[in-house]
Structures are given as C-alpha cells and as structure tokens.
Amino acid sequence: MSQDSAAVPDAARKLAARRRREIVAVLLFSGGPIFESSIPLSVFGIDRQDAGVPRYRLLVCAGEDAPLRTTGGLELSAPYGLEAISRAGTVVVPAWRSITQAPPPAALDALRRAHEEGARIVGLCTGAFVLAAAGLLDGRPATTHWMYAPTLAKRYPSVHVDPRELFVDDGDVLTSAGTAAGIDLCLHIVRTDHGADAANALARRLVVPPRRTASDLGHQRYLDRSLPEEIGADPLAEVVAWALEHLHEQFDVETLAARAYMSRRTFDRRFRSLTGSAPLQWLITQRVLQAQRLLETSDYSVDEVAGRCGFRSPVALRGHFRRQLGASPAAYRAAYRARRPQNGAPEPALRPDRAERAERPERERAALGAGGADRFSAASLAGHGLATAEAGDPGKPQSDAYASRLPETPVGRGAGRPVLPGQRERPVG
C-alpha cells in the first residue's frame, strides 16, 4: 500500500506567509512527456466546483528558457517563470526529460527555496530525479518508474527507493511511479486537502478509480522484460536477444561486453544510455523473471529453478527474488497457486504471511539483517550467477549495478529504518 502522510507527521514544515497551499505551481521542462505534464494541469487547473471539487489556482511555470518542446514536437509556452514558484504552496514536477541529464541549477534552487519555506514538493514519474538532484529526497522514501528505480537508487544512495509503490507520501515531499500513477498521487493530494468526497467526485469526472494500490495491479509482484523501442535498431539488440535465450547458462556482463566487441566500461555506458539500467541489474531482473515463470508453470524444486535460471546457488536465487518480488520463491509459488483461478488464468500473488520467515532455511536466515530486513553481505553474494565478477575480485572494477555492495546499516534518517528495495545493492558514488 502506498505510504501515507499520517505516518510521517514530523515531515511537515510551516508554510511561509506568502505561500498558499491551494496555489499549485507546475514546473515544465523542454523534452518532457506530454502525458505526465498534462496530469497536474487537468487535476488542478480546471474549475470543477460544480461537481463538489474545491478549486485550486494553477501556475504553469517554465523550468528553463523557452521554447519548451514536448513529445510529438509540440511547442509549449508557459505563462510564468521560476519566480512564480515563490507564491505556491504546492510545487509539482511532472517528469524529467532524461535521467542521464542534470536539471537546470536555477530550477533546483527554486525547488529548494520552496521546500525550505514549507511548500509541498511533488515529483511524478521521473520527476523524482529532479527532486533527488535538489537534495529533497535525501534520507526519505521515494518511488519512480520501475524501469528507472535502480538508476535512481544507485545515483542517489541516501534515497530509500521503493519501486513497488504507486506513490509515496512523506509529508512535504511526495513521489509517484510511472505514468498513470501520477493520477493516483494527484487524487491523493486532493483527498488529503479536501477529504474523500472531493477526491471521489474528481475521480468520477476523470473516469478513474478513486483509490488504487500497487496490489490492485499486481504491481509489486510482476516484473517486465521489455526494453525501450530504440534498442531494436541498436547493435546491442543482438546481444540482448542472446542473453534472453541463454539465461539458463552462467555468464556475466563481461561475457555480454565481449559479444558486443566493447570494453566493459563502454558496454555499461551504452547499455545504460539505452535502458536507464545497469546491465548487471537488467540481467538479474531477467533471471528473476524467468524463475518467476518456472515457479508458476512447473514443478521444479527451488534448487532446480535456480540452476535453470543461471544462478549458481539457491541462496543467490532467494536473495534476488526476495529483493525484487518481496517474497521467497517457495512462498511466491504457494501464494500464486492459492490464488490461481480454476480456468488457469494467472492473478497477482498474495503477500506471504510474516510467519513464513520462520520456515526459511538456516543458510538464508543467516544472510538476513537484524529486524528481518533483507540485507545480504558482500560475502553472501559470492556464488551469485551474475555478481561474481562484480563483488570485488582483485583487478576488476566495482560494478555500478544493483547487486554489488550492501551497507551494513541503512542510510538515511537513522538506524533502524527498514532498507527498501532498490538501495541495498548500490555502491556509494
């Protein structure tokens, strides 16, 4: 379930006198996707008082010099600049054009000032990267599009990235997952400001569900092997296809780089530029996805599934599987079969009961951190089918991927905070 602001009352700041919570500034950048940009404009920019929805005042602000060109070659002209943000009590960053580019410094300064003066800051989809670049997500839980979550977690190690949530409300800083989840977060803001009746009335006008959770869509239980369309015409497409056909074999990123006739560094950079993800993390995700399919469709033991997915040991499978899907392989299979309808169509699996932890093998239990958080030491990663070359072998560079090094204690607001998925496997830097 999405995190609620009621759980973090200490996050609220006193709003500066010149700011008003009902004034919403939407920060637009050139190259931003039109869908995400239109969400806050529709929610906060249309007068629906006749339907019982209290009115907001919308300020559409250019985050950089005009012209602003969006997807499809459309050119936008924002009526306000960054100076208008000084009046807003809510500032929304709908999306950022590229996770590989740094946001404009002036826009980051405006966001910091707004936050210091008590404004509520909202990042939709990849807008979380702008908030993180401004330092507003340090030590906080956050989410973003699942495909970019590993990159956000690696680039900003102090952010507690949880790609399984539709949105995360941390009081004065809120983030949403990809695309349509921005609607869910905007409805949540209306619900927080004006109550459930206003949010429900708005949802009816928008013809969307008034309140969704990640479990409604199986969001936290299903992975996707898709890649951006651009990779189809790239030379790396052949390497990606080969990897998907040979997941049952044990190979690492060095093997893929050699097949692409590239150095490891060049291959990493090229792969990341195309997918937004490190190649090692992509490989791990594909192996976990293959394991998920085998657990659903076969009677192989967990040990056999590990071998057929290229993991060097069942412990390696369990560790990665739990981090990405929130359950052990055995618990996932049991829950999937319990929920499977009579006609054989798959449904999202149930979250396993906490009592399942007592049934874990001793070797897996020994690898878990205090308090039940799934934190594996670097030593426990030895033997993982993909991480052997990245776990610190002499003479080889440390990987920048998802599963390389793990902190002994959580980074952020203090000891004892659970380490969320997406930030246990990041090197610092």
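**Cavities, a helix pair and model confidence**

The largest cavity takes up about 60 Å³. This comes from a predicted model, and the structure holds four cavities of 30 Å³ or more. Part of the lining of the largest cavity comes from Val43, Phe44, Ile46, Asp47 and Arg48, with Val53, Pro54, Arg55 and Tyr56 also on the list. Val190 and Leu202 complete the lining. Sorted by class, the lining has eight nonpolar residues and three charged ones, with no polar residue at all.

Val190 and Leu202 turn up again where two helices meet, Val190 in α5 and Leu202 in α6. Packed helices like these are a matter of two numbers, the angle between the axes and the distance between them. Here, helix α5 spans residues 181–194 and helix α6 spans residues 196–206, and their axes come within 7 Å, crossing at roughly 145 degrees. That crossing is right-handed. On the α5 side, the contact involves Leu187, Val190, Arg191 and His194, while α6 brings in Ala196, Ala198, Ala199, Leu202 and Ala203. Taken together, the contact counts seven nonpolar residues, one polar and one charged.

As for confidence, the chain averages a pLDDT of 75, and 70% of the residues score at least 70. Two stretches call for some care. Over residues 4–11, pLDDT stays under 50, and the model has twelve contacts beyond four places in sequence for them. The score also stays under 50 over residues 342–429, for which there are 185 such contacts, again beyond four places in sequence. Where pLDDT is low, predicted coordinates shouldn't be read in detail.

Technical notes: Residues are numbered from 1 along each chain as its sequence is written. This is a predicted model: local features need pLDDT of at least 70, side-chain atom pairs count only at pLDDT 80 or more; totals for chains, interfaces and linings use all residues. Side-chain values use heavy atoms; hydrogens and water are left out. Axes are lines fitted to C-alpha atoms, for helices over the stretch in contact, and angles run from 0 to 180 degrees between N-to-C directions. Helices (H or I, at least four residues) and strands (E, at least two) are DSSP runs, numbered from the N terminus. A crossing is left-handed if the near helix is turned anticlockwise from the far one by less than a right angle, and right-handed if clockwise. Contact means heavy atoms within 4.5 Å. Ala, Val, Leu, Ile, Met, Phe, Trp, Tyr, Cys and Pro count as nonpolar, Asp, Glu, Lys and Arg as charged, and the others, Gly among them, as polar. pLDDT is the predictor's confidence in each residue, from 0 to 100. On a 1 Å grid over the protein atoms alone, a cavity is a set of points where a 1.4 Å probe fits but cannot get out, and a pocket is an open set with protein on both sides within 12 Å along at least five of seven lines; lining residues have an atom within 4 Å of a point. Grid points are joined across faces, edges and corners, and a volume is the space filled by probe spheres set on the points.
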